[in-house]
Each structure stands twice: as structure tokens, then as C-alpha cells.
Amino acid sequence: MSGRKKAPRYGHRPGHRIFHWLIRCFGVGPAYAVLVFVIGYYVFFRPSARRAAGEYLDLTFPGRGRRGRLRLTYRYYYQFGLCLVDQAAAGILGPQKLRLDFPDDPEIRRLDGEGRGLVLITSHVGVWQRAIAVMEFMRRSVYLHLRREAASESMGLAGFEAAAPHVVSPDGFLGGVPELSSALAHGNIVAVMGDRGYGSATCARVEFLGKSAAFPLLPYHLALTTDSDIVVFLTSRAGRMRFRLRAHIVRMTPELRAMDKNEARLLLLRRYVGLLEEHLREHPLAWFNFFDFWAGS
Amino acid sequence: MELKRRLKELIISELKLTNVTADDISDDGPLFGADSALGLDSLDAVELVVLLQKEFGVEVGDRATATAAFTSINSLAAFLAPKIPQG
């Protein structure tokens, strides 16, 4: 799925430098304050920014008037800005400054003990980069399926203390799929975005927030073919430099193995979409996927 | 059985290709992409990696190897031949 990105790139180098300087010298507080004006500029003077958020906000908060929609768009981008400031602060002040609450899950410990491959599905919510680092306790290699430029922006934030993840670019021949398959077959962890298909990714259309949207099938196909379990990670901002992480485990059961692979893939995809929708009902201003997600519906 | 023939039959059975016989698959035609008569995509590549590991104990774990090996039946056979016992 090539898709088309609707949003402009946010900010520019001098602007980023100002934020970095503020964070380094005074902490995140002043950066949050400056954000109030920066977001105002984007929301009121950049129609492309309003368009990029428009469809998601219309589906999530239907029936808003022009003013209500503008207020909502402002709140939405402000939440996005807070996450960006927190992520930047983690990069500048150290990843330990960003607190990620993740309850010790015995089921995840059990997965570790079994030593099978693990497909970690992340989404454009909260600080997904930091969430991946949580799996470091497993002492297995992590393969991150992400464009190199996006990875280089986020890796400094991921907070890996031991080995940094292997970045496998989705661009080029077969989108790095052979590397990911081999990694899973060796019991490693493969982290993929569940809500964005890159390059020529094979997608399926399912209902998402009441409208047909295209989601990549790769995570589920990888899990089914390599007999790996799935963990869906969803994060949400809980306060200043503080995020919560929820993990949903989807085991590869004998029933799934026995199913027709196309049906099993769709079943797993729908389960992921259901989890994402549930998360967004609780945190509706927390999905930062500025992408023509419902294109062609 | 000749390696190329065996590969074609394995691909047909494991990737569940319908209306295709081993004779329909050319030795030097592309396996993947829009120009491929088989129409294989990146999801099929997952199957192929696992298939090679299961059937031949051979790994295709990096991009350079995959690019060289997965071009055609000829390239796949050339990649596998030195790694598996001939018989």
C-alpha cells in the first residue's frame, strides 16, 4: 500500500532547536507553554494540518460544528505536541526521564520462557518507540520493521540499554520480509506497525471506526507462518513525561493453526483493530497517524 | 528429481497456487512482483523462507541473499545447489 501522506512535516530545524534548548535549560514545562502558540499557528493557519486530522476526528467525534471542530483539532494537536515534547525530552535528558508504567505481566514472562518468535504489534499511539524497549528483559534480538529515517529519529528515544534493535527497512526487494521471517524462526522479536503498511505491503480492508480502512496483513501472516505469538502494545500519555503501556497477548492456538490462513489472518487483524478501537474510545485524542487511512473506501 | 522441478512443485503446493503446473513456471522468469507470472508478493516470501528452512535446512536471513536467491527458479536453484546434498 503506497498510500499518501496528507499531513505536512511538522516544525522546522530552527523551531526544533528552540524546543531542544528550552528542554535542556529549563525542562519540559516551558516547552509545553510554547507549544500552546505553535499548535495555534498550525491549527489556525495551516489548512493541511486541519485536513490531516479531519477524517479521524469526524469519525471519532461526529456532528461537531465548525467552532467545535476547530477546538477539537487544537486539543488533538496539543496532545500530539505533548507526546513529541516528552519524546524529545527523553532523547535530550535520557530515556530514564520518561516513565512508562507497565505492570509485570506473568503471561509475558511465560512467553519469554517458551522461546518462540514474538510479533510485537505497535501503533501510532503514545510513545510506541519506548514501548518496544520494554521487551529488552527477554534478552532476545529485536528487529524493527521501519523506514530508516523514522528509525534514526526514534531510536535515540527507545531507551534500549543493551543491544539496539536491528532496523529492517520496508523499502526495497520484498520489504525486508525474509529477514523478519528468519528472525522469528530463530525465536527473536519482530516489531511492526499494525496501523500503517509501508511500500508495497499487502493490506486488507476492515471496518475501523465505522468506515472501511486498509491495514497491513504482514504481522499476522508472519505470526501464522512462523508459529509465533503476538503481543499488541498500546501506550497512552498519563501525565508529564509519563505513559502507560498495555499489552494484549494473542497466542498461536491449535485452532488458529488449523484454520485456513486467509481466514486466520483476517481474524487476527480484526482482533487487533478491535483492540485499537477500544484503546481509542478510552483515549480518543491519542492516535497520531496522519495518513489517508480510509482512502478508497 | 531435478532440483528446479522440485522447487516448482514445492512452491505450487506450499503456496497453494491454483491453476499453475510446474511446466507453467519458467526457469528464468521473475518469481515476485508485477512482472511475475506467478504473482507472488511479500507475504509469499514469508512462506518461501520457512519452506526453504523446513525442506532444505537453508536460511535466507538477509536482504542481499534474498535479492540474489529469490529472483527466479534458476537463481533459487543456484543458491541452494551447493548447500544441499545432491541425490
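Biologist: Why is A:Tyr272 called buried?

Modeller: This is a predicted model, and in it A:Tyr272 has 2% relative accessibility. Buried means under 20%, so A:Tyr272 qualifies.

Biologist: What makes A:Phe215 and A:Tyr272 an edge-to-face pair?

Modeller: Their ring centres are 6.2 Å apart, with 75° between the planes. Pairing needs centres within 6.5 Å, and over 60 degrees counts as edge-to-face, so both tests are passed. The pair joins distant parts of the chain, with A:Phe215 in strand β7 and A:Tyr272 in helix α11, 57 residues apart.

Biologist: And A:Phe215, how do you know whether that one is buried or exposed?

Modeller: Its relative accessible area is 0%; the limit for buried is under 20%, so A:Phe215 is buried. Both rings also belong to a cluster linked by ring pairs, whose members include A:Trp287 and A:Phe288.

Biologist: Any ring pairs between chains? What makes A:Phe173 and B:Phe32 edge-to-face?

Modeller: Across all chains there are 24 aromatic pairs. For A:Phe173 and B:Phe32, the values are 6.3 Å centre to centre and 85° between the planes. With cut-offs of within 6.5 Å and over 60 degrees, that is edge-to-face. The pair crosses from a loop of chain A to a loop of chain B.

Biologist: Why is A:Phe173 called partly exposed?

Modeller: Its 31% falls between the 20% and 50% limits, so partly exposed it is. B:Phe32, at 10%, is buried.

Biologist: What makes A:Ser182 buried?

Modeller: A 6% value against the under 20% limit, so buried fits. A:Ser182 sits in helix α8 and is in contact with chain B residues, among them B:Val49 and B:Glu59.

Methods. Residues numbered from 1 in each chain as written. Chains lettered and ligands numbered in written order. Predicted model: local features only at pLDDT ≥ 70, side-chain atom pairs only at ≥ 80, totals over all residues. Heavy atoms only, no water. Helix = DSSP H or I, 4+ residues; strand = E, 2+ residues; numbered from the N terminus. Buried < 20%, exposed > 50% of the residue type's maximum accessible area, 1.4 Å probe, protein only. Contact = heavy atoms within 4.5 Å. Phe/Tyr/Trp six-rings, centres within 6.5 Å; stacked < 30°, edge-to-face > 60°. Lists of a residue's contacts leave out its neighbours within four places in sequence.
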